[in-house]
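Have a look at the fold below before reading on. The notes after it are meant to be read with the model open beside you.

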Amino acid sequence: GFTGRAPTRVLDTRVGTGAPLAKLGAGATLTLTLTGLPAGTTAVALNVTATTPTTASYLTVYPGGQPRPTVGSNLNYVAGQTIPNMVLVPLGTGNTITFYNNAGTVNVIADLIGYYAPGTGAGFTGRAPTRVLDTRVGTGAPLAKLGAGATLTLTLTGLPAGTTAVALNVTATTPTTASYLTVYPGGQPRPTVGSNLNYVAGQTIPNMVLVPLGTGNTITFYNNAGTVNVIADLVGYYN
């Protein structure tokens with residue numbers, strides 16, 4: 001079962017959290033040990049961000065102590081880009097996961113947003129994507145872009161009793177400046193770490209988001225700067 005949690009910064013190579021204060025080099029790996037997880041935890045959900053890369057490259061995240069997969073990347077980026085992606089990864093030996101950078105150097109950030117463990121948490125039910133929010137047309141919220149430092153709280157209806165968290169495909173579009181979105185449970189304080197989408201002016205970018213539900217089956221969207229349209233499609237739930 002899955003247990004969602006408030007984002008917790010477990011890795012930040014810019015400041016030496018979880019690893020030495022150093023960018024991840026070309027062809028290099030970084031192995032992170034995750035602490036404080038329940039016994040028997042098999043996998044984790046992370047929001048992983050690549051920032052300040054020196055060249056086009058990609059990150060692959062995989063279980064510690066295992067061979068690097070020969071296919072698959074979790075983030076692809078170009079020089080100077082900051083980009084996040086949601087990653088589900090099994091744990092390796094000693095609750096470890098490994099990050100691999102293909103080329104150039106890059107700073108890597110990871111926020112733990114949940115874990116999978118037997119005998120606890122909630123099971124997942126997938127569904128055909130359902131548009132639950134679109135500020136461009138007034139679906140789920142007023143027809144208005146989300147402003148700088150502003151929040152938007154969405155109430156999700158039609159979920160089974162006991163639903164604890166949801167899976168959403170969230171898209172930021174037509175931003176007026178570089179900014180980020182943070183998605184978190186309604187009625188709770190905004191996390192002091194973590195962004196779910198990072199974007200620059202004029203960009204359209206999606207990301208998969210796992211977020212626990214707040215009071216009354218609500219979730220809140222926060223935009224840091226400028227204005228942006230926000231779209232969200234419900235793709236599944238945990239209960």
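What follows goes from the whole chain to one strand and then to one residue.

**The whole protein**

Keep in mind that this is a predicted model. If you go hunting for helices you'll come up empty: the protein has zero helices and 16 strands. Its radius of gyration is 18 Å, close to the 18 Å that the globule rule gives for 239 residues, so the protein is as compact as a globular protein of that length. Laid along its principal axes, the C-alpha trace spans about 45 × 45 × 30 Å.

How much of the chain is buried? Buried residues come to 50% of the 239. The contacts have a long reach along the sequence, too: among those with a separation of 6 or more, 81% are between residues 24 or more positions apart.

On the outside, the accessible surface adds up to about 9800 Å², and carbon and sulfur atoms hold 54% of that. As for charge, there are 10 positive and 4 negative side chains in the protein. The centres of these two sets lie 3 Å apart.

**Strand E4 and its partners**

Now zoom in on strand E4, which covers residues 57-63. This strand is mostly covered, with six of its seven residues buried. E4 pairs with strand E5 and also with strand E7. Here are the two pairings, each with one pair of residues that stand opposite each other:

| Partner of E4 | Residues of partner | Bridges | Direction | Opposite residues |
|---|---|---|---|---|
| E5 | residues 75-77 | three bridges | antiparallel | serine 57 and tyrosine 77 |
| E7 | residues 96-101 | five bridges | antiparallel | proline 63 and isoleucine 97 |

So what's a handy way to find these in the viewer? For the E5 side, pick serine 57 and look across to tyrosine 77. For the E7 side, pick proline 63, which faces isoleucine 97.

**Aspartate 12**

One acidic residue gets a closer look. Aspartate 12 sits in strand E1, which covers residues 2-12. Is aspartate 12 buried or exposed? With a relative accessible area of 3%, aspartate 12 counts as buried, because the cut-off for buried is under 20%.

Which residues does aspartate 12 touch, leaving aside those up to four places away in sequence? The contacts are Thr17, Val108 and Ile109. Alanine 172 is another story: it is 160 residues from aspartate 12 in sequence, and the two C-alpha atoms are 24 Å apart in space.

Note on methods: Residues are numbered from 1 along each chain as its sequence is written. This is a predicted model: local features need pLDDT of at least 70, side-chain atom pairs count only at pLDDT 80 or more; totals for chains, interfaces and linings use all residues. Side-chain values use heavy atoms; hydrogens and water are left out. Helices (H or I, at least four residues) and strands (E, at least two) are DSSP runs, numbered from the N terminus. The radius of gyration is taken over C-alpha atoms; the globule rule is 2.2 Å times the number of residues to the power 0.38. Buried means under 20% relative accessible area, exposed over 50%, partly exposed in between (1.4 Å probe, protein chains only). Contact means heavy atoms within 4.5 Å. Accessible areas come from the Shrake-Rupley method with a 1.4 Å probe; for residues, only the protein chains shown count as cover. Lys and Arg count as positive and Asp and Glu as negative; His and the chain ends are not counted. The place of a charge is taken as NZ of Lys, CZ of Arg, CG of Asp or CD of Glu. Two strands pair if DSSP finds at least two bridges between them.
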